[in-house]
Amino acid sequence: MPSPEEPAPDPDLTVQVPVPVPRPRTGFVGSRPPTYEAEPTALPVARPGELGELVADTVLDGARYGTCTLRAASVRGDSARYRGEPRRDALLTARFGHDDTALVLVAVAAGSRAAEDAHLAAADACHWIAEAVGRSHARLSEDIRSGRRGDLKSGLHRLTDRTYGKLRARAAERGVAPDEYSATLRCLLVPADPECRTRVFFGIGGGGLFRLRDGSWQDLEPLLPEPAAVTGAPVVGFGSPPAEEDRLTMDLGITTAPPLVEDPVPPPAEPFRFRASVARAGDTLLLASPGLADPMRGEPALAHELAARWADAEPPGLAAFLADTQLRVTGYADDRTGVAVWEA
């Protein structure tokens, strides 16, 4: 009780601050917890003269442009953390240009587990494709906003081939086989123009492209030409495949400009993947490296949990998104990189 010398508190001055109830977060999904510890243990070996090659355990980024909110995270896998190996996934986010003509690029690369310098190859792939897109961003932005799907596909195919040509050249410089200095590469292009909801995916190699719409996941992996295996069919725990009319097929008949790259380059061993689609309000697009795409397809509980967590109209903050992408699944211990775009 207050002393006689102290006035009693005025009840009208009491401030009540509502405390939000946190949504439940489990550290793993599935029938049992993974074998490895949930937090980093051993650091990768460092060499005094090559400290620039060190890779952080975790990278986190985000932005908001036009009608979309971007979240991106790349995390070293449980296996690499335990063995003291570097993160082989690479993540790069960049904005080229200004105002409504700006173009946002997110590049995700995954190096081979068997290659010693896989983390360097992945980083090179991200930087080289970003340099190529940056030099051509004005043309690419105009093609996206004008719906020139054919020009986009051919131009991005050339830029990607040139990136893999540089990887092969770097492998020769290091005296290793081309497949020992290479990486999968997957990219998203998002215009900053709020009037343009076209989202462009392109790249080479494994991983995943998914869309959360009306509470169900759709696998948007582009169909590959024969003889490559056809992917993109419905998977367990996901919704129906996207309708054909959802694809961007508009061609305004505008005169085709010169290609982005004139010099021919040898094609990579993997087929080129491309998809341009128009987003709807409420959609969430997820670009995933193989370490995240595999459990998304192989463990329905992970897909269901992420769908529940991302059901709100408001995108998660950076810390919450990192926790979401770190949901662990027994049997899946590789690096994980996820890039999600929420449509307002």
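What share of the 344 residues of the chain counts as buried? In this predicted model, 47% of the residues fall into that class, and the chain is built from 7 helices and 13 strands. Its accessible surface comes to about 17000 Å², with 55% of that area belonging to carbon and sulfur atoms. Among the contacts with a sequence separation of 6 or more, 72% join residues that are 24 or more positions apart.

**Nonpolar cores**

- The largest nonpolar core has 38 residues, and the members with the most contacts inside it are Val133, Leu156, Leu189 and Phe202.
- At least two residues of this core come from each of the following elements: strands S4 (89–96), S5 (103–111), S6 (183–191), S7 (198–204) and S10 (272–278), together with helices H2 (118–135), H3 (137–146) and H4 (149–174).
- Helix H2 provides the largest share of this core, with 10 residues.
- Phe202, when residues up to four places away in sequence are not counted, touches Ile129, Val133, Leu156 and Thr160, then Leu185, Arg186, Cys187 and Leu189, and also Phe272, Arg273 and Phe274.
- A second core, separate from the one described above, has 22 residues, including Val75, Ala293, Ala303 and Trp342.
- As a general background to such cores, nonpolar side chains tend to be buried together in soluble globular proteins.

**The H5 and H6 helix pair**

- Helix H5 (residues 290–298) packs against helix H6 (residues 300–309) at an angle of about 100 degrees, and the two axes are 5 Å apart.
- Because this angle lies in the range of 65 to 115 degrees, H5 is roughly perpendicular to H6.
- On the H5 side the contact is made by Leu292, Pro295, Met296 and Gly298, which meet Pro300, Leu302, Ala303 and Leu306 of H6.
- Sorted by class, the residues of this contact comprise 7 nonpolar and 1 polar, with no charged residues.
- The buried residues of H5 are Gly291, Leu292, Ala293, Pro295 and Met296, and these pack against H6 as well as against strands S8 (208–213), S9 (216–219), S11 (284–288), S12 (328–329) and S13 (336–343).

**Ala288 in strand S11**

- Ala288 lies in strand S11 and has a relative accessible area of 0%, so this residue counts as buried.
- The C-alpha atoms of Ala288 and Gly207 are 5.6 Å apart in space, although the two residues are separated by 81 positions in sequence.
- Leaving aside residues up to four places away in sequence, Ala288 touches Arg186, Gly207, Gly208, Phe210, Ala293 and Thr337; one of these, Ala293, is also among the buried residues of H5 and is included in the second core.

**Two aspartates with positive phi**

- Asp99, which is not a glycine, nevertheless has a positive phi of about 55 degrees; Asp99 is placed in the loop between S4 and S5, and its relative accessibility of 68% is why this residue counts as exposed.
- Asp214 likewise has a positive phi, near 55 degrees, in a residue other than glycine; the position of Asp214 is in the loop between S8 and S9, where its relative accessible area of 76% makes it exposed.

**Charged residues in helix H4**

- Asp161 is found in helix H4 and is buried, because its relative accessible area of 9% is under 20%.
- Between the C-alpha atoms of Asp161 and Ile129 the separation is 9.5 Å, with their positions 32 residues apart along the chain counted as the sequence distance.
- Arg168 also has its place in helix H4, but at 26% relative accessibility Arg168 counts as partly exposed.
- Arg168 and Glu180, which are 12 residues apart in sequence, have their C-alpha atoms 9.4 Å apart in space.

**Glu37 in a loop**

- Glu37 sits in the loop between strand S1 (28–29) and strand S2 (58–65), and with a relative accessible area of 56% it is exposed.
- Residues touched by Glu37, not counting those up to four places away in sequence, are Asp78 and Arg328.
- The C-alpha atoms of Glu37 and Tyr82 are 7.8 Å apart in space, while the residues themselves are 45 apart in sequence.

How values were computed
Residues numbered from 1 in each chain as written. Predicted model: local features only at pLDDT ≥ 70, side-chain atom pairs only at ≥ 80, totals over all residues. Heavy atoms only, no water. Core = buried A, V, L, I, M, F, W, Y, C linked by side-chain atoms within 4.5 Å. Buried < 20%, exposed > 50% of the residue type's maximum accessible area, 1.4 Å probe, protein only. Helix = DSSP H or I, 4+ residues; strand = E, 2+ residues; numbered from the N terminus. Contact = heavy atoms within 4.5 Å. Areas by Shrake-Rupley, 256 points an atom, 1.4 Å probe, with all protein chains shown as cover. Axes fitted to C-alpha atoms, helices over the stretch in contact; angles between N-to-C directions. Parallel < 35°, antiparallel > 145°, perpendicular 65-115°, else oblique. Nonpolar A, V, L, I, M, F, W, Y, C, P; charged D, E, K, R; others polar.
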